[in-house]
Amino acid sequence: MTKIGLEIHCQLTNLESKLFCSCKANYREFEINENICPICMGLPGSLPRLNQEAVKKATIIAMALNCTTPDKIAFFRKNYFYPDLPKNFQITQLNIYGDSSIGGVGSIMVGDKKIRITRIQLEEDPGRLIYEGSSSKNLITLVDYNRAGTPLVEIVTEPDFENPKQVREFLNILSDLLENLGVSDPSLEGAMRADANVSIEGGKKVEIKNIGSFHDLEKATIFEITRQESLHSRDIEIIQETRHWDDKRKITVSSRSKEEDLDYRYFLEGDIPWIRIDPEIQKELKSKMPESISSKKERYILQFNIPAQVASVLSSDKFYSDLFEISHTESNAKEIANIITTDLMGLVDTREKREDSKITAIHLKDLTDSIQSGKISRNSAKNALYEIVKTGKDLSQVISELDLGNVSDESELLEIIQKVISEESQAVEEAKSNPQTINYLVGKIMQKTKGKADPKLTLDLLKKQIG
Ligand SMILES: [Zn+2]
């Protein structure tokens, strides 16, 4: 039997500043080594000051994953030397003296499978190593400390996953959840990283480090299971070790023997006292938690009669569900959900396109109003949407500029109808006894008007003409 456990590192990307200093949490917008200060560089005499907002955001994550939240938290120094770690230790959390990390035992359902959470830690991210040079001989390693000290939450699971598919489902649920909580933007490069431990047939546990994306995490676990099964079938012993994910070759490579917690010489971070978390603050955080994805989905189905599949897609994406929440009314909710999930999601399907998109809630409301009042057809609405996403122009302007308005002028429409009647005399005869044929004639009229004939008016006029 396969057992997989995960350690997921998630950056709290929506925070203003780093975990222990006032440098920006959004390190991505800086030139190399410009987002640094004596605190995150660990210069002598500097002292860390804990970012309160980071504690709150991490607590919200713990609550959303049904973890216990202790009333007192502590920080520890994890000592090791590595070029990306200017202090030679990382300030992190551990449950050495009882539950003192930001989240205790919890769980989350992945389909019917319960995945247990061991704990959640709040810690600082190290800097970033940049490799330059074309061959291993000329390779230069550069260090960028802009990221050093940015707030990170580590979510540790029990080895409850039985296969890579469950891992992938869990990660999808988790990244939607974090985005929905407003604590992180998982689509940012490097915002979510993971380590995995894999064992088969009750054998030794192998840890895979340095997996930079969720996509690679699935690949890395599949590779590692296959590697271990191959050793097992040949009666070769699987050794307990740490392996490194090589994302170029898509394989795991042995990097060092597994370190134990003892090797890191953890000790209490003396520069940060034990911190008591006021139960009143915890209560307040709980009461202000954003509505969960599953409850949103339920509400969309029950309140607006939106089909389950559409409700599921809409509720799990914060960008779109936020847009839906501010644009819908009781009467147009279903239509808006439809436009978002069938047309808009296809048009705005990447992070960059979302950032560039000019669509607002008012556009969506205008669009559905115009469809419902027969001003434009669904087909024209789709064309208008494309233009709006690109330019942000008002719907009325787009309709007139692209001539998308429905033909609702009776005499104009009648002329077209009479033309179709004269061209389709056989179908007109048939339509008198077979109502299905009327649809065929409507189709012909739509063709002539490029889909812009007001459908209701067309049908009324056509029926009158046929008699
Ligand atoms: Zn700093």
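**Notebook: two asparagines and the overall form**

I looked up Asn66 before anything else and found that Asn66 is partly exposed, because 14 other C-beta atoms lie within 10 Å, a count that falls between the limits of 12 or fewer for exposed and 20 or more for buried. I note here that I am working on a predicted model.

I then placed Asn66 along the chain, and the residue sits in the loop that joins helix H1 (52-64) to strand E2 (72-73). I checked the backbone of Asn66 as well, and its phi is near 55 degrees, a positive value in a residue that is not glycine. I keep in mind that most residues other than glycine have a negative phi.

I turned next to Asn88, which also has a positive phi, about 65 degrees, without being a glycine. I found Asn88 in the loop between strand E3 (76-79) and strand E4 (89-92). Is Asn88 buried or exposed? I recorded Asn88 as exposed, because 11 other C-beta atoms lie within 10 Å, and the exposed class takes in counts of 12 or fewer.

I then went on to the whole protein, in which I find 16 helices and 15 strands. I compared its radius of gyration, 29 Å, with the 23 Å that the globule rule gives for 467 residues, and the value is well over the rule, so the protein is more spread out than a compact globule. I noted that the C-alpha atoms fill a box of roughly 90 × 55 × 50 Å along the principal axes.

I closed with burial and contacts: 34% of the 467 residues count as buried, and, of the contacts with a separation of 6 or more, 67% are between residues 24 or more positions apart.

Note on methods:
Residues numbered from 1 in each chain as written. Predicted model: local features only at pLDDT ≥ 70, side-chain atom pairs only at ≥ 80, totals over all residues. Helix = DSSP H or I, 4+ residues; strand = E, 2+ residues; numbered from the N terminus. Rg over C-alpha atoms; globule rule 2.2 N^0.38 Å. Contact = placed C-beta atoms within 7 Å.
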